[in-house]
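I opened this notebook to record what I looked up in the structure, entry by entry. The entries concern one strand and its partners, then the empty spaces, then two single residues.

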Amino acid sequence: MNMTKEMNQDIQRSTKAVWAGEKEFRAFGASQVPVVHSVAYTYDDLDHWYEVAIGNEKGHIYGRNTNPTVESFEQKIKELEGAEAATSFSTGMAAISNSLATFLRPGDKVVSIKDTYGGTNKIFSEFLPQMNVEVRLCDTGNHEQIEEEVRQGCNILYLETPTNPTVKITDLERMVKVAKEVGALVFVDNTFATPINQNPLEYGVDLVIHSATKFLGGHADALGGAAVGRKDLIEKIYHYREINGATMDPMAAYFMIRGMKTLHLRVKQQCESAIKIASFLKNHAQVDQVFYPGLEDHPGHDIAKKQMRNFGGMFSFSMKGGMEAVRQFLPRLEYANRAANLGSVETTVGPARTTSHVENTPEERAALGIPESLVRYSVGIEDTDDLLRDLEQALAQLPEPAATRI
Ligand SMILES: *Cc1c(COP(=O)(O)O)cnc(C)c1O
C-alpha cells in the first residue's frame, strides 16, 4: 500500500504522470524504476526485520504484501487521482471484488446501476447475493431511482461513469450527496474516464477503482487494477488483498508505470479523434445510433461537461443492418484489432454481445438497452483521418440498409 509523500498540488497531471513515484524507487543510479523480481527480502539484523514485519519501519518482507515496483505504480495512480493512498491488484476485477468484500457483511445492501462492466454486474447478480448481501440495480442515468433506493438504506453506492458500452453518465456530486445522507460509501469505477478526464474524489467520492489493464497501461500487454482514496479505507482494502492474495505482479507494475507516462498524450489524441469519428458515424446512412457523451444530443452530455475535462476515447454505435452488417463490416477494418480489450494505443473494436456483455443472455442485454448490433469502439492513437477513411471504406462495402432494424 502506498502512502509516500505527496507532490505539489499545482503540478499538472501530465507532469505527475511522468514524475510521480519515480525517484524514490530507483536504484543503482538508473533513470528508470527497476523491476524487482524478488519474492522475499533478506535481513541480517533480526531486530530490524521484526520492526519492518510489524510495520514500525519502512521496508519489504514478502511479495504478496508489498514490492518496490508495485509501490511505484501505486504512487503514480495515487498522485493522478489526487488521493491520500492507493493499493493495487492483479486485475481490475480483483480491485472491484476485493474492495467490495472488504466492507460488505451479510445483511448489507449495495445500490448500483444496471450498466456496470459485465464482470461487475456478475458480482452483483451472482456472488454478492450468495453472501446474503442485497443488491439493487437501478436504471443507469435515472438519478431519482438511485436516490430513492439509497434513502431506503445502503452500505455501498457503486457507480461507473461513463459506463461500458453505452457510455451513460451519472452525476457524481448529486450521488455523493444522497449517499452521505445515509452514511453509505461511494465507489466509482473510473476506468473509462481515466484520471486525465475525471477525478471522482474531487466530488466527495470515497473510493476510485481502475482496471489498469485498459487506459493506464495503454498497450494491452499487462493486467492490473487499483483502488485509491482515503487512507483509512485503503489500509483496510490493502489488508484484505495482502491476505487474500490478488497481488499485482512486478512486471505488470512496470508496464503500467511505463504506460502511464504517456497517458495524458494518448487520452488527448483519443478524445480528439473520438468526437470526430462519433460525429462522422452519426451522419452515416448505415449507422443507427451513436453513443458518445461528447455529442450534444447524448442524454448525459451536460453532466459529462460538468464533471469531466473531456469525453474520453470510448464510444459505441449500432447498425441499421443489424448484426449481419456488423459481421460483414468489422473484419474489413484495417486499423483495428477485433478484440475484447479497450483503452490501448491500437483502435480496438468488438460487438458488446461478444465482449463486455458476453456473460449476459440476449434478453438481459435487451433489458440493459444494449442492441445486439452494438459495436464498441475504443479509439487508438492512430491519425484521425486514417481512422475515418478506414471506417468509410469498410462501411461503403455494405449493401443499402433495410428500412427496418434487425
Ligand atoms: C475491463 C474493465 C474492468 C475489469 O478489469 P480487468 O482488468 O479486466 O479485470 C472493470 N471495469 C471496467 C469499466 C472495465 O472496462
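**Entry 1: strand β9 and its partners**

I began with a pair of bridged residues: V290 has F317 of β9 as its bridge partner. The model I am reading is a predicted one.

I then looked up the strands involved. Strand β8 (residues 287-291) pairs with β9 in the antiparallel sense, over three bridges. Strand β12 (residues 375-378) also runs antiparallel to β9, and four bridges join the two. Across that second pairing, F315 stands opposite Y377 in β12.

Next I asked which residues point which way from β9. M314, S316 and S318 point one way, F315, F317 and M319 point the other way, and all of them are buried. Strand β9 (residues 314-319) thus has six of its six residues buried, so I noted it as largely enclosed by the rest of the structure.

**Entry 2: the cavity**

How many cavities of 30 Å³ or more does the structure hold? I found one. The largest cavity has about 30 Å³ of space. Its lining consists of P162, V167, F192, P293, F311, G312 and M314. I had already met M314 as a buried residue of β9.

By class, I recorded six nonpolar residues, one polar residue and no charged residues in the lining of the largest cavity. Domain 1 (13-260) and domain 2 (263-396) each supply at least three residues to this lining.

**Entry 3: the largest pocket**

I turned to the open spaces. The largest pocket holds about 630 Å³ of space. It is lined by 22 residues, and those closest to its centre are M1, K58, G59, T66 and E71. I then checked which elements give two or more residues to the lining of the largest pocket: they are α2 (46-53), α3 (68-81) and α9 (231-244). By class, this lining has nine nonpolar, eight polar and five charged residues.

**Entry 4: the second largest pocket**

For the second largest pocket I noted a volume of about 300 Å³. Of its 21 lining residues, M93, Y117, S211, T213 and K214 are the closest to the centre. Two or more lining residues come from each of α4 (92-103) and β6 (207-211). The largest share, three residues, comes from α4. By class I recorded seven nonpolar, 10 polar and four charged residues for the second largest pocket.

Why does the second largest pocket lie between the two domains? Domain 1 (13-260) and domain 2 (263-396) both give residues to its lining, so I placed this pocket between them.

**Entry 5: two single residues**

I looked up E359 and found it in the loop between β11 (348-351) and α14 (362-367). Is E359 buried or exposed? Its relative accessibility is 52%, and the cut-off for exposed is over 50%, so E359 counts as exposed. Leaving aside neighbours within four places in sequence, I found E359 in contact with K122 and E364. I also noted that E359 and G118 are 241 residues apart in sequence and 6.8 Å apart in space, C-alpha to C-alpha.

My last residue was A53, in helix α2. Its relative accessibility is 49%, so A53 counts as partly exposed. From A53 to T191 I recorded 138 residues in sequence and 34 Å in space, C-alpha to C-alpha.

Notes
Residues numbered from 1 in each chain as written. Predicted model: local features only at pLDDT ≥ 70, side-chain atom pairs only at ≥ 80, totals over all residues. Heavy atoms only, no water. 1 Å grid on protein atoms, 1.4 Å probe; cavity = no way out; pocket = protein on both sides within 12 Å on 5 of 7 lines; lining within 4 Å. Points joined across faces, edges and corners; volume = space filled by probe spheres on them. Nonpolar A, V, L, I, M, F, W, Y, C, P; charged D, E, K, R; others polar. Domains from an automatic or database assignment. Buried < 20%, exposed > 50% of the residue type's maximum accessible area, 1.4 Å probe, protein only. Contact = heavy atoms within 4.5 Å. Pairing = 2+ DSSP bridges.
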